[in-house]
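Dear colleague,

I am handing over the structure below, and after it I set out what was found. Please read the notes with the model open beside them.

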Amino acid sequence: MRSPARDVMSDGDGQAAAGAAVIDVALTVWLAHRCRWAECVYVGLQVAALITSTHYMSIPRSMLLWFPLWLLGQEPRAGSVVPV
C-alpha cells in the first residue's frame with residue numbers, strides 16, 4: 001500500500017524537504033545557542049510541527065516566513081563599523 005504523502009511528493013520534493021528540515025533544526029539549535037529565545041520558540045515550534053506531521057506540508061515553503069533565518073546575514077559582525 002502506498003503512502004498518501006508519497007503520492008503528493010516526488011523524489012525531488014522529498015529531498016528538498018529533508019534538506020530544509022536539516023537547515024531548520026540547525027537554525028533552531030543556533031538560535032538556542034545564541035540565547036535568542038523568542039526566535040527559537042517561534043521557529044522551533046514550527047519545525048517540530050512540520051517534522052512530526054503525518055501529512056505532507058511544504059517545509060521549504062514555510063521557511064519563507066521565518067524572519068530569523070533571513071536576518072542572520074544582517075547582523076553586524078565583530079569589528080565591523082555600524083553607521084550612526
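Arg36 has a relative accessible area of 26%, so it counts as partly exposed, and in this predicted model its side chain meets that of Glu39 in a salt bridge, with 3.1 Å from N to O. Glu39, at 16% relative accessibility, is classed as buried, because the cut-off for that class is under 20%. The count of salt bridges under the rule applied here comes to 1. As general background, side chains of opposite charge can pair when their charged atoms come close.

Cys35 belongs to the loop between α2 and α3, and you may wish to look at its backbone, since its phi is positive, at about 55 degrees, although Cys35 is not a glycine. For context, most residues other than glycine have a negative phi.

Turning to the interior, the largest nonpolar core is made up of 12 residues, among them Ala20, Leu27, Val47, Ile59, Met63 and Trp66. Helices α2 (11-33) and α3 each supply at least two residues of this core. In soluble globular proteins, nonpolar side chains tend to be buried together. Ala20, when its neighbours within four places in sequence are left aside, is in contact with Ile59, Pro60 and Met63, and of these contacts Ile59 and Met63 are themselves listed in the core.

A charged residue type also appears in this setting: Asp24, which lies in helix α2, has a relative accessible area of 2% and is therefore buried. Not counting residues up to four places away in sequence, Asp24 touches Val47, Ile59, Met63 and Trp66, each of which is listed in the largest nonpolar core.

On the surface, there is a nonpolar patch formed by Tyr42, Leu64, Leu65, Phe67, Trp70 and Leu71, which together have about 670 Å² of accessible area. Helix α5, covering residues 67-71, gives the most to this patch, with 3 residues. Tyr42, another patch member, is placed in helix α3, which spans residues 37-51. With a relative accessibility of 33%, Tyr42 counts as partly exposed, and this value meets the requirement for patch residues, because that cut-off is over 30%. Helix α3 thus holds Tyr42 of the surface patch, while it also supplies at least two residues of the nonpolar core.

With best regards

Note on methods
Residues numbered from 1 in each chain as written. Predicted model: local features only at pLDDT ≥ 70, side-chain atom pairs only at ≥ 80, totals over all residues. Heavy atoms only, no water. Patch = residues over 30% accessible without salt bridge, like charges linked within 9 Å, V, L, I, M, F, W, Y side chains within 5 Å. Areas by Shrake-Rupley, 256 points an atom, 1.4 Å probe, with all protein chains shown as cover. Salt bridge = Lys/Arg side-chain N within 4 Å of Asp/Glu carboxyl O. Helix = DSSP H or I, 4+ residues; strand = E, 2+ residues; numbered from the N terminus. Buried < 20%, exposed > 50% of the residue type's maximum accessible area, 1.4 Å probe, protein only. Core = buried A, V, L, I, M, F, W, Y, C linked by side-chain atoms within 4.5 Å. Contact = heavy atoms within 4.5 Å.
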